[in-house]
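Trainee: I keep running into labels like "parallel" and "buried" when I open a model. Could we go through one together and see what stands behind the words?

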Amino acid sequence: LMQLAIPLNFIGFIYREIRQGLADIEQMFDLLDQPAEIVDAPNAVPLKVIGGAVRFEDVVFSYDPDRRILSGISFEVPAGRTVAIVGPSGAGKSTLSRLLFRFYDVTSGRITIDGQDVRDVTQESLRAAIGMVPQDTVLFNDSILYNIRYGRPSASDDEVREAARQARIGHFVESLPQGYASQVGERGLKLSGGEKQRVAIARTILKAPPILILDEATSALDTNTEREIQAELDRVAEGRTTLVIAHRLSTVVGADEIIVLEKGRIAERGTHAALIAAGGLYATMWDRQRAAADAEEQLKRAIAED
Ligand code: ATP
């Protein structure tokens, strides 16, 4: 039996190695989420970012021809401003960010950055101009240094450390026995949701893009961590054109405009105060989230008193 156990063990080891390799590749594709058919136009030129104003003009989109996901979407994020997209699950919020990155082409209408159609510029220059803090940050099976530097591969070690400090993860990393050389990911140190978000923020600080997409995590972090991360995100977003895909309405109160998406259409739009006053879908969602937060607070208090 022993004779058999060793090769089986070995096969198990190889299997795990291969699987991990595949997982890395899958993660890369997830990250890029790029269908093969999107190619640069033959006369594509590099995007010239002036202020970084983003415009969606009557955008219609379907992943599959028989199912329309977005209809008649028009909005603008003026240079340096913040627009938040909210709405029920499946409304098409993340799809908007994929279209801005040009992971897919619009079915009709157009998306421009400083007046340039995203289909007319090189994908490389487009993606260099946009930074993304995703819902779930993918960590590579490599050092923390590598994982942060991914935001700008040419960054020096000092620049990586500075970005980590600004993202308030520097102390944590420096406290690890191996510091920035610590291995993370599936095979290394498992970082918490909040720590992973900070790695993503540090990456974005390094990349310093004029346009930012914040895809808020659905999975709730604890309230304190959430508040801290929000403060960091607000700081990163300052002066950048920012599109926030929000699940928690508390984070969009300060947005210049809130777009309420429902079944791929803009149901309502306006500032927080205007939408509350209008008493529509947004106001209903706001009341519901408030009630849920209050209930949670009461539950916590009851448990604490017990
Ligand atoms: P959530 O808040 O749950 O993240 P969302 O508003 O961001 O949702 P999207 O992810 O934009 O919604 O998805 C909108 C619709 O498009 C959904 O019905 C979804 O099933 C569909 N969809 C998303 N990605 C694809 C894809 N690659 N191929 C086909 N359909 C897709």
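Mentor: Sure, and bear in mind that this is a predicted model. Start with helices H7 (residues 193-207) and H8 (residues 223-237): their axes come within 11 Å and cross at roughly 10°.

Trainee: Why are H7 and H8 called roughly parallel to each other?

Mentor: Angles under 35 degrees count as roughly parallel. The crossing angle here is roughly 10°, so H7 and H8 get that label.

Trainee: Which residues make the contact between H7 and H8?

Mentor: H7 brings Gly194, Gln197, Ile201, Thr204 and Ile205, while H8 brings Thr225, Ile229, Glu232, Leu233 and Val236. By class, that contact has five nonpolar, four polar and one charged.

Trainee: On to strand S7 (residues 211-215). What makes S7 largely enclosed by the rest of the structure?

Mentor: A residue is buried if 20 or more other C-beta atoms lie within 10 Å of its own. Five of the five residues of S7 are buried, so the strand is largely enclosed. For the whole protein chain, buried residues make up 32% of the 306 residues.

Trainee: How do you know that both faces of S7 are covered?

Mentor: In a regular strand the side chains alternate between the two faces of the sheet. Here Ile211, Ile213 and Asp215 sit on one side, Leu212 and Leu214 on the other, and all are buried.

Trainee: How do you know that S7 pairs with strand S6 (residues 130-133)?

Mentor: Pairing needs at least two bridges. S6 and S7 have four, in the parallel sense, with Gly131 opposite Leu212. S7 also pairs in the parallel sense with strand S8 (residues 241-245), over five bridges. There, Leu212 stands opposite Thr242.

Trainee: What about the antiparallel sheet: which strands are in it?

Mentor: Four strands make an open sheet in the order S2-S1-S4-S5.

Trainee: What makes S2 (67-77) and S5 (116-117) the edge strands?

Mentor: Each of them pairs on one side only. Inside the order, strand S1 (residues 54-64) is joined to strand S4 (residues 108-113) by five antiparallel bridges, and Val54 has Ile113 as its bridge partner in S4. Helix H2 (residues 93-100) lies across S1, S2 and S4 and runs at about 110° to S1.

Trainee: So what would you call that angle of about 110° between H2 and S1?

Mentor: The range 65 to 115 counts as roughly perpendicular. At about 110°, H2 is therefore roughly perpendicular to S1.

Trainee: And which residues surround the ligand?

Mentor: The shell consists of Tyr63, Asp64, Ile69, Gly87, Ser89, Gly90, Ala91, Gly92, Lys93, Ser94 and Thr95. S1 and H2 are the elements that give two or more residues, and H2 gives the most, with three. The shell has three nonpolar, six polar and two charged residues.

Trainee: Last one: why is Glu262 called partly exposed?

Mentor: Glu262 has 15 other C-beta atoms within 10 Å. Buried takes 20 or more and exposed 12 or fewer, so with 15 this residue falls in between and is partly exposed. Glu262 lies in strand S9 (residues 257-262). Glu262 and Gly87 are 175 residues apart in sequence, yet their C-alpha atoms are 5.8 Å apart. Outside its neighbours within four places in sequence, the contacts of Glu262 are Gly87, Pro88, Ala91, Ala267 and Leu281.

Key:
Residues numbered from 1 in each chain as written. Predicted model: local features only at pLDDT ≥ 70, side-chain atom pairs only at ≥ 80, totals over all residues. Contact = placed C-beta atoms within 7 Å. Axes fitted to C-alpha atoms, helices over the stretch in contact; angles between N-to-C directions. Near = placed C-beta within 6 Å. Nonpolar A, V, L, I, M, F, W, Y, C, P; charged D, E, K, R; others polar. Parallel < 35°, antiparallel > 145°, perpendicular 65-115°, else oblique.
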